[in-house]
Amino acid sequence: MSRTALIYCEEAIQHNTGGYHPESPLRMKALRLAFEESGLNLPVLQPDPASRDDLLRIHTRAHVDTVEACCLNGGHYPDPDTVMGPGSWDAALLSAGAGITACKAVLDGQYENAFIMMRPPGHHAEPDHAMGFCLFNNIAVTARWLRETGKARRVTILDFDVHHGNGTQDAFYHDETVFYVSLHEYPHFPGTGFPYERGKDNTTLNIQMPPGCSPEQWTRTIEGMAAPQLELFAPDFLLLSSGFDGHRLDPLGNQLLEAADYGAITRLVRHIAGGRIVSFLEGGYHLTALGQCAVSHVSALME
Ligand SMILES: [Zn+2]
């Protein structure tokens, strides 16, 4: 029996961003192929879609209505990076609900941890607007569900995507029960995430990584700074914003990580929260590297 589940469904491919967008359905195809070839043989769980109430724990009603209208009625969303079409609505609801499905499977003792292989990604989505390829903030919806349903007293989020998770930081900036730690390249999109932003009761921690950081700089920073802080918080769950755009080949990042380094990063944190970990796919735009990084990350979750 595997201790790790993969959360995935075909609707993730139906979110069509057009021919030239880096956050394309081809990412799902590359990941599926990489997992097939890996021989890891992971059990796949179908996500349940997020309910309106699940979304409204993080997002404003106006935002949910706008995304729905833009997806289903062909409305135009003002951020040109963030494309939506008819298939995007189901994909967005399933991507936003997948974390809750994963947490339930972990809470039931069915699995120890889970990796969510869905799109659209989420960590740039703000409570009141979509941004940076993200429609709803999937990881924030999950963390808030864990808190408001009483499934967790404290939740930690580690975001190692190469970009700052501005939406996640904002969702929990005044919530002392959710500790958000981000390592991100700076200067870089979206230009947020400063070390002096510490949130209520110091429950935000931003670590800026200059362009060109080595794998050792990443692992030393996680081992020396991020992991001890996450552990001290004594969380009931560790949620990961797993972006693989820090890979040295990634077209949207300027870091020097290799696929194996994502396994090393995972091993540095996998004991936290008693191993109750749910990992969310965020970025990663070099198709071959994306597959290799995700397999390396999930292999470490399975150990
Ligand atoms: Zn990213």
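**Reading a zinc site, a core and a helix**

Author: Let's start with the metal: in this predicted model, the donor residues of the zinc ion follow the sequence spacing D-x1-H-x81-D. That pattern links distant parts of the chain, since H163 lies in the loop between β4 (155-159) and α6 (166-172), while D245 lies in the loop between β7 (237-242) and α8 (259-269), 82 residues apart.

Reader: Thanks! Which atoms coordinate the zinc ion, and at what distances?

Author: D161 appears twice, each time through an OD atom, and H163 (ND1) and D245 (OD) complete the list, at 2.0 to 2.7 Å.

Reader: Are H163 and D245 buried or exposed?

Author: Both of them are buried.

Reader: Why is the arrangement of the four donor atoms irregular?

Author: For four tetrahedral donors, the ideal angle is 109.5 degrees. To be counted as tetrahedral, four donors need all angles between 85 and 135 degrees. Here the angles at the zinc ion run from 54 to 153°, so the arrangement is irregular.

Reader: Moving to the core, which residues touch the most other members?

Author: First the general idea: nonpolar side chains in soluble globular proteins tend to be buried together. The largest nonpolar core here holds 93 residues, and F35, L158 and L239 touch the most other members. Among the elements, α4 gives the most to this core, with 11 residues. To see one of these residues in its surroundings, take L158: beyond four places in sequence, its contacts include V181, L183, A226, L230 and V269.

Reader: How do I read a helix such as α3, and which of its residues are buried?

Author: Begin with length, then look at the sides. Helix α3 (residues 61-72) has 12 residues and spans 16 Å between its first and last C-alpha, close to the 16 Å expected. Its buried residues are H63, V64, V67, C70 and C71. They sit on the same side of α3, because they cover an arc of only 135° around the axis. The elements that cover them include α2 (52-56) and α4 (88-107). On the face turned away from the buried side you will find the exposed residues R61 and A62. Just after α3, G74 takes a positive phi of about 70°.

Reader: And loops? Where is P120 found, and is P120 buried or exposed?

Author: P120 is in the loop between β3 (113-116) and α5 (138-148), and it is buried, with a relative accessible area of 2%. Sequence separation and spatial separation are worth reading together. P120 and H15 are 105 residues apart in sequence, yet their C-alpha atoms are 7.2 Å apart in space. Leaving aside neighbours within four places in sequence, the contacts of P120 include H15, E23, A91 and F133.

Key
Residues are numbered from 1 along each chain as its sequence is written. This is a predicted model: local features need pLDDT of at least 70, side-chain atom pairs count only at pLDDT 80 or more; totals for chains, interfaces and linings use all residues. Side-chain values use heavy atoms; hydrogens and water are left out. Helices (H or I, at least four residues) and strands (E, at least two) are DSSP runs, numbered from the N terminus. The expected span of a helix is 1.5 Å times one less than its number of residues. Buried means under 20% relative accessible area, exposed over 50%, partly exposed in between (1.4 Å probe, protein chains only). The arc is that of the directions from the helix axis to the C-beta atoms. Contact means heavy atoms within 4.5 Å. A nonpolar core is a set of buried Ala, Val, Leu, Ile, Met, Phe, Trp, Tyr and Cys residues joined through side-chain atoms within 4.5 Å. Donors are N, O and S atoms within 2.8 Å of the metal (3.2 Å for Na, K and Ca); water is not among the atoms, so sites may look incomplete. Four donors count as tetrahedral if all angles lie between 85 and 135 degrees; four count as square planar and six as octahedral if opposite donors are over 155 degrees apart and all others between 65 and 115; anything else is irregular.
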